Amino acid sequence: MVDKILNILLVAVYTAIVVLATVFCMKLSQIDRMQSDSRDSSIRSSMHALNTHRYFLDITMGDYVAVPADSALIEYGTKVVQNLEEIITLSPFVEIRDSARVIQTEYIRRFPMLDAAAMKMDIRNGDLILRHNNSLHSELFRKIGVREQKYSHLGIIYRTPADTLLVLHSQANDYTGVGGIEASPLYSFMPRGDFDVAIYRLKEPQAVRDAWVDEILRLREKGVPFDPAFNIVDTCKLYCAEMVAYSLNRIIGREAIAPHGFFMGKKVYAVDDCYLIPEMERIYHRERAEVYRPGE
């Protein structure tokens, strides 16, 4: 009797193991199919973008090389170069990254004003860039400063592995307040019109400035949103000056940038707090931003 019960139990255990193993294998197969589908979808999406960019060069531009007067064309080119840089940086597929580099090189050849190597200024990774323009909230942001009310927006220059220049900055839609950390081509970040532009450099070794850029890239990858409430106590959201101050203070381990501005009765980081410090030196300034174009 005992033997019969043991045999029944063994059969039951064996059956359960077989069933569980079968379910496990089916689940692994399903996950593998999903990963394969996701990989195929990612490749198709990237290849579609690359083919579109290549088609534009071959069919639309031919042998034409853009000139500064081609403002609409240059704006398109900056967006394409940025898209290609994202593919080069983020794509896990070697063949996609290699194809994107080839196409990006050709775009930069056709748009010489986008080539970081062609710029006359000594712009380095981690430089601080400031601007003032006529967006809806520019005057508000400018007047938050209590020492020098000259600039309304700022960001950190990112010299990519492909040697293009992007500006990492936190901004939001003028009307909804929704936004986050963006990577904009330097050319498009420069305001058009009679507005001041300046570039400051942190008086630290390049390795520190590189680490500063890496920290902002980490925040961008994390998806940190724009802070429309200007709440510097909560660092889960960051507005432009707050992003600069928070990331730098975190990297160098002390409060190099302190808040002196005021907004709705509370202390906030103003734009001038970020560059009117002993650790910064000005390396570039233009009263009329419109006369500056990379590559001139």
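In this predicted model, Val-244 makes a good starting point for a tour of the interior. Leaving aside residues up to four places away in sequence, Val-244 touches Leu-128, Leu-154, Ile-156, Trp-212, Ile-257 and Cys-274. Several of these names return when the largest nonpolar core is examined: of its 41 residues, Leu-128, Leu-130, Leu-154, Trp-212, Tyr-239, Val-244 and Ile-257 touch the most other members. Two or more residues each are given to this core by strand 1 (128–131), strand 2, strand 3, strand 4, strand 5, helix 6 and helix 7 (240–252). The most generous of these elements is helix 7, with 6 residues. Apart from this core lies another, made up of 22 residues, including Ala-49, Met-61, Leu-84 and Phe-93. As a point of background, nonpolar side chains in soluble globular proteins tend to be buried together.

The strands can be taken up next. An open sheet is built from 6 strands in the order 4-3-2-1-5-8, and their pairing is antiparallel. Its edges are formed by strand 4 (179–185) and strand 8 (280–286), each of which pairs on one side only. From one strand to the next, the twist averages 30°. Within this arrangement, strand 2 (residues 153–159) and strand 3 (residues 165–172) run antiparallel and are joined by 4 bridges. Arg-159 has Leu-165 of strand 3 as its bridge partner. Helix 6 (residues 206–222) lies across strand 2, strand 3, strand 4, strand 5 (197–202) and strand 8, and runs at about 110° to strand 2.

Helix 2 (residues 71–90) offers a simple check of geometry. Because each residue should add 1.5 Å, its 20 residues should span 28 Å, and the distance of 29 Å between the end C-alpha atoms agrees with this. The buried residues of helix 2 are a mixed group: Ile-74, Gly-77, Thr-78, Val-80, Val-81, Gln-82, Leu-84, Glu-85, Ile-87 and Ile-88. One of them, Leu-84, is also a member of the core of 22 residues.

For the chain as a whole, the count of secondary-structure elements is 7 helices and 8 strands. Buried residues account for 44% of the 296 in the protein chain. The accessible surface comes to about 15,800 Å², and carbon and sulfur atoms hold 58% of it. Among contacts between residues at least 6 apart in sequence, 68% join residues at least 24 apart.

Note on methods
Residues numbered from 1 in each chain as written. Predicted model: local features only at pLDDT ≥ 70, side-chain atom pairs only at ≥ 80, totals over all residues. Heavy atoms only, no water. Expected span 1.5 Å × (residues − 1). Buried < 20%, exposed > 50% of the residue type's maximum accessible area, 1.4 Å probe, protein only. Contact = heavy atoms within 4.5 Å. Areas by Shrake-Rupley, 256 points an atom, 1.4 Å probe, with all protein chains shown as cover. Pairing = 2+ DSSP bridges. Axes fitted to C-alpha atoms, helices over the stretch in contact; angles between N-to-C directions. Core = buried A, V, L, I, M, F, W, Y, C linked by side-chain atoms within 4.5 Å.
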